[in-house]
Amino acid sequence: MIIVGLTGGIGSGKTTVAKQFEALGIPVYIADVEAKRLMAKSKIIKRKLIQLFGKKAYINDVLNKQFIADIIFNDKTFLRKMNAIIHPRVAKHFEKWVLKQDAPYIIKEVAILFENGGHTACDYIITVTAPKDLRIKRLLMRDNTTKNKIQAIMKNQWTDEEKIKYSHYIIDNVDMEITKNQVVDIHKDILKRA
Ligand code: ATP
């Protein structure tokens, strides 16, 4: 199975692009969504997160996202420890998921693909780009967040220039119609290689 990693900075439009591949019949695995799902339902993850963050990590069995977000935002050691709990389990879940897919290739959307070395497990990599100010504008419209918070996350991610160096395809996601055309072109190209 050909694994195509789909990445890009916060708010670049990864999920928007992933949905366009899905509309072409390609199975899509969104790592962040699966990680959240596992944090909500896996007993082992829940136990380990409570060991790490204390009882306040869950309220009535529901992950206390804001409490955890505040801790990891201020102390990167906690972020690393949390990733060490979650990443191996998402990786296992992904391996099982891939085996069940029947398609010429699959798309795996990972926000921090290069930063965590996940690109080495992909056959091809697509990076979605968009100007920083446009990404900030889109995120302020989508989320209940602030410019400062978005910029702090951006600082922890590789720059577009760094990502482009290691990518096979770049989607410049400014105009939706142009983006859709780029997706179709890339889809055809990967099918040729499959
Ligand atoms: P995150 O990094 O938070 O996971 P993302 O990279 O997956 O975000 P999306 O959620 O796909 O980004 O897009 C961010 C916001 O921008 C969404 O509200 C989406 O609808 C909007 N958006 C994405 N692409 C475009 C576009 N080409 N034109 C207009 N709006 C867009």
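Biologist: In which sense do β1 and strand β6 pair, and over how many bridges?

Modeller: The model is predicted. In it, strand β6 covers residues 124–129, and Ile126 of β6 is the bridge partner of Leu6. The sense of the pairing between β1 and β6 is parallel, and the number of bridges is five.

Biologist: Which residue in β5 is the bridge partner of Ile2?

Modeller: Strand β5 comprises residues 105–109 and runs parallel to β1. The two strands are joined by five bridges. Within β5, the partner of Ile2 is Tyr105.

Biologist: How many residues of strand β1 are buried?

Modeller: Strand β1 spans residues 2–8. On one side Ile2, Val4, Leu6 and Gly8 are buried, and on the other Ile3, Gly5 and Thr7 are buried, which leaves both faces covered. Of the seven residues in β1, the number buried is seven.

Biologist: Which residues form the uncovered face of strand β7?

Modeller: Strand β7, residues 169–172, runs parallel to β6 and is joined to it by four bridges. In this pairing Val128 stands opposite Ile171. Ile171 belongs with Tyr169 to the covered face of β7, whereas the uncovered face is formed by Ile170 and Asp172.

Biologist: Which helix supplies the largest share of the shell around the ligand?

Modeller: The ligand is surrounded by 13 residues, and the closest include Gly13, Lys14 and Thr16, together with Arg142 and Asn173. Two helices, α1 (14–23) and α6 (132–142), each contribute at least two residues to the shell. The largest share, three residues, comes from α1.

Biologist: How far is an oxygen atom of the ligand from an N or O atom in the side chain of Thr16?

Modeller: Several contacts involve oxygen atoms of the ligand. A backbone N or O atom of Thr15 lies 3.0 Å from one such oxygen, and a side-chain N or O atom of Arg142 is 2.7 Å from an oxygen of the ligand. For the side chain of Thr16, the corresponding distance is 2.5 Å.

Biologist: What percentage of the area that the ligand exposes when taken alone does the protein bury?

Modeller: By class, the shell around the ligand has seven polar, three charged and three nonpolar residues. Among its polar contacts, an oxygen of the ligand is 2.7 Å from a side-chain N or O atom of Arg142. Taken alone, the ligand exposes 640 Å², and the share of this area buried by the protein is 74%.

Biologist: What is the radius of gyration of the protein?

Modeller: The protein contains nine helices and seven strands, and its C-alpha trace spans about 50 × 40 × 25 Å along the principal axes. Buried residues account for 42% of its 194 residues. A compact globule of 194 residues would have a radius of gyration near 16 Å, and this agrees with the value for the protein, 17 Å.

Biologist: Is Ile68 buried or exposed?

Modeller: Ile68 is located in helix α4, residues 65–74. The C-alpha atoms of Ile68 and Asn144 are 17 Å apart, with their positions 76 residues apart in sequence. Residues under 20% relative accessible area count as buried. Because the relative accessible area of Ile68 is 5%, the residue is buried.

Biologist: Into which accessibility class does His93 fall?

Modeller: His93 lies in helix α5, which covers residues 76–100. Its C-alpha atom is separated by 19 Å from that of Glu22, and the two residues are 71 apart along the chain. Partly exposed residues fall between the limits of 20% for buried and 50% for exposed. The relative accessibility of His93 is 24%, and therefore the residue counts as partly exposed.

Biologist: Where does Asn60 lie?

Modeller: Asn60 is exposed, with 73% relative accessible area. Although not a glycine, Asn60 has a positive phi of about 50°. Most residues other than glycine have a negative phi. Asn60 lies in the loop between β3 (58–59) and β4 (62–63).

Biologist: What is the phi of Asp61?

Modeller: Asp61 is placed in the loop between β3 and β4. Asp61 counts as exposed because its relative accessibility is 51%, and the cut-off for this class is over 50%. Asp61 is not a glycine, yet its phi is positive, at about 75°.

Methods
Residues numbered from 1 in each chain as written. Predicted model: local features only at pLDDT ≥ 70, side-chain atom pairs only at ≥ 80, totals over all residues. Heavy atoms only, no water. Buried < 20%, exposed > 50% of the residue type's maximum accessible area, 1.4 Å probe, protein only. Pairing = 2+ DSSP bridges. Near = heavy atom within 4 Å. Polar contact = N/O pair within 3.5 Å; in protein donor to acceptor, adjacent residues only side chain to side chain. Areas by Shrake-Rupley, 256 points an atom, 1.4 Å probe, with all protein chains shown as cover. Nonpolar A, V, L, I, M, F, W, Y, C, P; charged D, E, K, R; others polar. Rg over C-alpha atoms; globule rule 2.2 N^0.38 Å.
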